[in-house]
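Me: I'd like to learn how to read a two-chain model, one feature at a time. Can you walk me through it?

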Amino acid sequence: MEGLGQVELPILSCQNLCKSFPGNQKQEKLVLANINLAVPKGSFVTILGQSGGGKSTLLKLLGGFLPPSSGRVFFDGQPLTQITPKIGMVFQDHNLYPWMTVEQNIGFGFKIRGDKPGTYQHLVHEILDTVGLSQSRKLYPHQLSGGMRQRVAIARSVVVKPEVLLLDEPFSALDVQLRRRLQDFLLTLWKEMHITMVLVTHNVEEAILLGQKLIVVGNQPGQIIEEVVISEPQYGDRYHPDFLQLQRHLESLLDSNLIDPVQAKPLPISNGKAIS
Amino acid sequence: MSITVNQWQKWQKSSLSLICGICSCLLLVAVWEWVGSDPINPITQVLPPPSKFVPVLFESDFKIGLGSQSSTIYQSVFVTLLRVFAGMTIAFVAAIFCGMLISLSEWSELFILPILGLIAPIAPIAWVPLALVVFGISNLTAIFIVFMGVFFTLTIATVAEIKRIPENLLITARNLAGSRFNIWRMVVMPAVLPSVFTLLRLNFIAAWMAVLAAEMTGLRDGLGAVVMTGRNLFNSNLILLGICIIGITGFAVDRLLLLIQRRFFWWRV
Ligand SMILES: Nc1ncnc2c1ncn2[C@@H]1O[C@H](COP(=O)(O)OP(=O)(O)OP(=O)(O)O)[C@@H](O)[C@H]1O
Ligand SMILES: [Mg+2]
């Protein structure tokens with residue numbers, strides 16, 4: 001994988017980031033504590049953590065969608081205080097506009113800023129080809145399958161060429177086959193478009209497969225408990241022994257971090273293969 | 001275009017319900033005709049069978065009213081429909097607009113919504129006397145009554161629907177660098193239109209009744225006036241004809257609104 005050799009300034013980073021929400025009994029509930037991380041320009045960073053661990057919250061903070069309780073987020077060297085079109089977001093549920101066709105949804109980023117249709121139509125058609133939805137461009141979201149919807153949502157964010165794309169478990173509702181196809185698709189997109197990507201997931205395999213840098217967020221309060229840099233090519237192969245070893249290591253790490261007694265049982269091995 | 005099995009089944013189902021509907025209506029007419037055909041039956045005097053009152057419709061010089069104020073029954077239907085549609089259209093557009101304005105600030109919601117909530121339950125018929133005083137005997141009166149019957153409910157609904165829009169749809173639009181005005185125009189408005197239109201359709205019956213009541217009491221033309229003229233002339237044929245036309249027209253308009261909804265406002269947010 002390219003882009004890791006040179007030392008570059010991080011395009012997105014945060015310092016001592018904390019977030020608490022008003023909890024019950026007048027107590028603040030600390031969701032994220034002291035998060036420090038850096039996202040190098042052009043890289044693919046994955047954030048791994050359990051459900052309820054504060055992954056979505058972290059992603060929203062990184063995009064300026066939520067204000068932090070303390071600490072700061074930097075984008076391109078400047079403190080980030082509000083939403084910017086330079087940081088795109090793909091939400092957990094696809095968020096398509098039900099009254100627009102696939103084509104209109106993808107072109108919406110241009111339309112809403114007041115561009116004339118003639119000036120962006122070719123870009124929309126190009127990305128429709130890339131995501132393989134040219135045939136379906138006249139369909140409405142309710143006529144699409146889950147995987148198609150996610151592709152439309154990703155295309156809508158990518159077509160306006162943000163510098164950073166944040167993805168919040170974009171494939172979590174899909175079956176394994178489709179998930180793998182879309183993971184490959186996302187990697188291709190990342191290589192072609194040179195967009196920095198930060199993807200949140202609770203799936204260990206996905207985190208290793210996609211990330212150049214993998215950040216594990218532990219539970220209650222959310223803290224970074226491990227950072228892994230993945231540069232060797234064997235981590236692109238799901239069945240390589242190194243891949244499986246790292247996967248097992250991360251799974252046991254997540255297991256040992258579980259606090260909720262209801263969930264405190266061993267996780268099944270995620271790809272169904274016994275690890276020798 | 002090829003017809004899929006699914007479409008075929010849908011078509012079968014809808015044509016079945018159409019045929020059944022027509023059959024039951026025909027049955028009603030047949031029973032009515034049979035009961036009413038006995039000349040010594042006293043009911044026939046107040047409830048003439050269809051074969052007696054329908055021909056009234058085709059009498060060439062059929063007029064209601066006297067002199068310059070007389071009009072044909074077709075004109076009456078037209079006038080009534082015009083009033084209902086004008087009132088409903090104005091109320092719909094105004095409600096969407098006002099609902100969006102009210103939603104702009106929490107304070108206006110806090111102050112204005114209680115007033116709307118107070119006015120909304122007033123039956124539209126209750127506005128008739130006031131409207132007659134203010135607007136006199138004119139189309140404006142009828143339109144005003146329809147408007148009052150629909151507008152407040154729809155405005156409250158618009159405000160509620162705006163609150164129900166999934167937050168992420170709005171955040172996505174802001175993230176894509178939409179200006180505030182464009183977000184209102186391209187996201188908020190389309191998101192609330194379908195449910196507010198559904199409510200408009202449900203409120204049509206209330207508006208329809210209000211106009212008829214106004215036409216019976218104050219205005220001198222329209223479908224309601226046809227029925228009242230029948231009463232004044234002791235002409236039960238005319239009364240029943242008016243009632244039947246009111247029923248059929250109301251049904252047709254409801255279907256039309258349903259068609260508009262399916263064609264233009266079909267999505268759910
Ligand atoms: N707006 C909010 N108000 C109060 N508490 C919140 C809010 N948003 C999130 N939380 C709390 O923060 C914690 C983390 O939530 P978050 O959505 O970030 O988890 P997550 O890791 O994304 O989970 P999942 O994998 O299920 O999406 C949860 O315990 C949740 O109750
Ligand atoms: Mg989440």
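What follows is a short tour of a sheet, an interface, some empty spaces and one residue in a predicted model.

Me: Let's start with the sheet. In what order do the four strands of the open sheet in chain A run?

Reply: The general idea is that strands of a sheet pair through backbone hydrogen bonds, either parallel or antiparallel. Here the order is β2-β1-β4-β5 in chain A, and the pairing is antiparallel.

Me: Why is one side of β2 and of β5 in chain A left without a neighbour in the sheet?

Reply: Look at where they stand: β2 (28-40) and β5 (78-79) of chain A are at the edges, and each has a single partner strand, so one side of each has no neighbour in the sheet.

Me: How many bridges link β1 and β4 of chain A?

Reply: Five bridges, in the antiparallel sense, between β1 (residues 10-22) and β4 (residues 70-75) of chain A. If you want a spot to click on, A:C14 sits opposite A:V73 in β4(A).

Me: Now the interface. How many residues of chain A are in contact with chain B?

Reply: Start with the contacts, then go to the area. On the chain A side 25 residues are in contact with 21 residues of chain B. Together the two chains bury about 1900 Å², and 70% of that is on carbon and sulfur atoms. In chain A, the residues that lose the most area to chain B are A:Y97, A:W99 and A:I112, together 36% of what that side buries.

Me: And how many salt bridges are there between chain A and chain B?

Reply: The count between chain A and chain B is zero.

Me: On to empty space. What is the volume of the largest pocket, and which residues are closest to its centre?

Reply: The trick is a rolling ball: a probe the size of a water molecule, rolled over the atoms, shows where empty space is left. The largest pocket comes out at about 860 Å³. It has 24 lining residues, and the closest to its centre are B:G21, B:C25, B:G247, B:I248 and B:F251. In chain B, α1 (5-36), α3 (50-53) and α11 (236-264) each give at least two residues to that lining. Sorted by class, the lining of this pocket has 18 nonpolar, four polar and two charged residues.

Me: How many cavities of 30 Å³ or more does the structure hold?

Reply: Two. The largest cavity has a volume of about 70 Å³. Its lining draws on both chains, with A:P85, A:M89 and A:R113 among them, as well as B:T172, B:N175 and B:L176. Two elements give two or more residues to that lining: β6 (87-90) of chain A and α8 (167-175) of chain B. By class, the lining of the largest cavity splits into four nonpolar, four polar and one charged.

Me: Which element gives the largest share of the lining of the second largest cavity?

Reply: That's α4(A), with three residues. The second largest cavity has a volume of about 30 Å³, and its lining includes A:F91, A:H94, A:R156 and B:T172.

Me: Last one: where does A:N257 lie, and what does it touch?

Reply: For a residue like this, check its place in the chain and then its partners in space. A:N257 lies in the segment after α7 (241-256) of chain A. Leaving out residues up to four places away in sequence, A:N257 touches A:G218, A:N219 and A:I225. The C-alpha atoms of A:N257 and A:N219 are separated by 6.5 Å, although the two residues are 38 residues apart along the chain.

Notes:
Residues numbered from 1 in each chain as written. Chains lettered and ligands numbered in written order. Predicted model: local features only at pLDDT ≥ 70, side-chain atom pairs only at ≥ 80, totals over all residues. Heavy atoms only, no water. Pairing = 2+ DSSP bridges. 1 Å grid on protein atoms, 1.4 Å probe; cavity = no way out; pocket = protein on both sides within 12 Å on 5 of 7 lines; lining within 4 Å. Points joined across faces, edges and corners; volume = space filled by probe spheres on them. Nonpolar A, V, L, I, M, F, W, Y, C, P; charged D, E, K, R; others polar. Contact = heavy atoms within 4.5 Å. Buried area = accessible area lost by both parts, 1.4 Å probe. Salt bridge = Lys/Arg side-chain N within 4 Å of Asp/Glu carboxyl O.
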